[in-house]
Amino acid sequence: MLKYQQIKLSYIIPVYLDNSLEPLHSLIKTYESYDDTILKHIHFIFVDDYSPTEIVIPEDCKLNYTLAKITTNIMWNQGGARNLGVHLAKSQKLIATDLDHTFPETVFEYLLKSKIPDNIFTFKRIRDGDVAMPHYNTFFLSKGTFFKSLGVDEEFCGNYGFEDLFFIDLQKRLGTKLYTFRNQTVISHEHKNSEKPQHGLIRNEAITKPLYKAKVRILKDKTRDPFDAHSRLFLNFEWRIVKESITI
């Protein structure tokens, strides 16, 4: 469609909030302060992962955005939310991240000028003034590369952890290279140990850790098809578009 021709970068973020919309609205307010010449090329895709709190985008939001809602109650379904976000992306270049990370305007500008990546790029993080190692929940890649591994394996969904690690492990097994940008950094706002966490979900790896280990054993067996490790579960839930605004 003509209204999407200006979009050069999709920014995908799962959202699960159970007490306050402040983390989301604060992020939106920060990005609204960026130059329109940059914002007009970015499509923000917010995927509400069945939050207890109704996710609402401010009426006067100036970003190009889509708000989608998962309407099936699956605990720890951020992998499914990420799959939905990529499914809805209107561009080949993607940022996959979460509410804990803020991208400086200069990084957006750099990525908009970059060619469509063949591999996956992660970002060093600035946290409390110090440089932290990259996190596998935040990276820059193409839509084609994302689906090279059939997206995030939703067999992990319903329980905490390891879906991001397995996504990268499978990508590496398929020949995708993982790089870290040398000079492009993002701001990290770790919430799980803060006084006001975004949610109170319990982090328990009792199910996902052995599942991950079993899948990795398949990947390490060079006689096996690496896709034997993937469940093929994809968009294994009901969802709908709540609101969309492409105006810049």
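These exercises work through strands, helices, aromatic rings and individual residues in a predicted model.

**Exercise 1. Strand S1**

Task: Find how many residues of S1 are buried, and state which strands pair with it.

Solution:
- Step 1. Strand S1 covers residues 9-15, and 7 of its 7 residues are buried. It is therefore largely enclosed by the rest of the structure.
- Step 2. Split the strand by face. Leu 9, Tyr 11, Ile 13 and Val 15 lie on one side. Ser 10, Ile 12 and Pro 14 lie on the other. Both faces are covered.
- Step 3. Look for the partners. S1 pairs with strand S2 (residues 42-48) in the parallel sense, over 7 bridges. In that pairing Pro 14 stands opposite Val 47.
- Step 4. S1 and S4 also run parallel, joined by 3 bridges. Here Tyr 11 stands opposite Ile 95.

**Exercise 2. Strand S8**

Task: Work out in which sense S8 pairs with S4 and with S6, parallel or antiparallel.

Solution:
- Step 1. S4 (residues 93-96) and S8 pair in the antiparallel sense over 4 bridges. Leu 94 stands opposite Leu 141 of S8.
- Step 2. S6 and S8 are antiparallel too, with 2 bridges. Phe 121 stands opposite Phe 140 of S8.
- Step 3. Check burial in S8 (residues 139-142). Phe 139 and Leu 141 are buried on one side. Phe 140 and Ser 142 are buried on the other. Both faces of S8 are covered.

**Exercise 3. An aromatic pair**

Task: Classify the pair formed by Phe 121 and Phe 181, and say which strands hold the two rings.

Solution:
- Step 1. A search of the whole structure gives 25 aromatic pairs.
- Step 2. Take Phe 121 and Phe 181. Their ring centres are 5.0 Å apart and their planes stand at 20°. Planes under 30 degrees apart count as stacked, so this pair is stacked.
- Step 3. Place the residues. Phe 121 is in strand S6 (residues 120-127), and Phe 181 is in strand S9 (residues 178-188). The pair therefore ties together parts that are 60 residues apart in sequence.
- Step 4. Phe 181 has 9% relative accessibility, so it counts as buried.

**Exercise 4. Lysines over rings**

Task: Identify which tyrosine ring lies under Lys 69 and which under Lys 90.

Solution:
- Step 1. Lys 69 lies over the face of Tyr 50, at 5.5 Å from the ring centre.
- Step 2. Lys 90 lies over the face of Tyr 4, at 5.0 Å from the ring centre.

**Exercise 5. Helices H6 and H7**

Task: Describe how H6 and H7 are oriented, and list the residues that meet.

Solution:
- Step 1. Two packed helices are described by the angle and the distance between their axes.
- Step 2. The axes of H6 (residues 163-173) and H7 (residues 208-220) come within 11 Å and cross at roughly 5°. That makes H6 roughly parallel to H7.
- Step 3. From H6, the contact residues are Leu 165, Phe 166, Asp 169, Leu 170 and Arg 173. They meet Tyr 212, Lys 215, Val 216 and Leu 219 of H7.

**Exercise 6. Phe 237 and Ile 248**

Task: For each residue, decide whether it is buried or partly exposed, and name some of its contacts beyond four places in sequence.

Solution:
- Step 1. Phe 237 is in the loop between H7 and S10. Its relative accessible area is 8%, so it is buried.
- Step 2. Ile 70 is 167 residues from Phe 237 in sequence, but the C-alpha atoms are 7.1 Å apart. Contacts of Phe 237 include Ile 70, Thr 72, Ile 74 and Leu 84.
- Step 3. Ile 248 is in the segment after strand S10 (239-245). With a relative accessible area of 25%, Ile 248 is partly exposed.
- Step 4. Among the contacts of Ile 248 are Gln 6, Leu 39, Lys 62 and Leu 63. Ala 68, 180 residues away in sequence, is 20 Å from Ile 248, C-alpha to C-alpha.

**Exercise 7. Positive phi**

Task: Locate Trp 76 and Leu 150, and give the phi of each.

Solution:
- Step 1. Trp 76 is in the loop between strand S3 (64-70) and helix H3 (78-88). Its phi is positive, about 50°, although it is not a glycine. Trp 76 is buried, at 10% relative accessible area.
- Step 2. Leu 150 is in the loop between helix H5 (143-148) and H6. Leu 150 is not a glycine either, yet has a positive phi of about 65°. At 30% relative accessibility, Leu 150 is partly exposed.

Note on methods:
Residues are numbered from 1 along each chain as its sequence is written. This is a predicted model: local features need pLDDT of at least 70, side-chain atom pairs count only at pLDDT 80 or more; totals for chains, interfaces and linings use all residues. Side-chain values use heavy atoms; hydrogens and water are left out. Rings of Phe, Tyr and Trp (its six-membered ring) pair if their centres lie within 6.5 Å; planes under 30 degrees apart count as stacked, over 60 as edge-to-face and the rest as tilted. Buried means under 20% relative accessible area, exposed over 50%, partly exposed in between (1.4 Å probe, protein chains only). A charge sits over a ring if NZ of Lys or CZ of Arg is within 6 Å of the ring centre and within 35 degrees of the ring normal. Two strands pair if DSSP finds at least two bridges between them. Axes are lines fitted to C-alpha atoms, for helices over the stretch in contact, and angles run from 0 to 180 degrees between N-to-C directions. Angles under 35 degrees count as roughly parallel, over 145 as roughly antiparallel, 65 to 115 as roughly perpendicular and the rest as oblique. Contact means heavy atoms within 4.5 Å.
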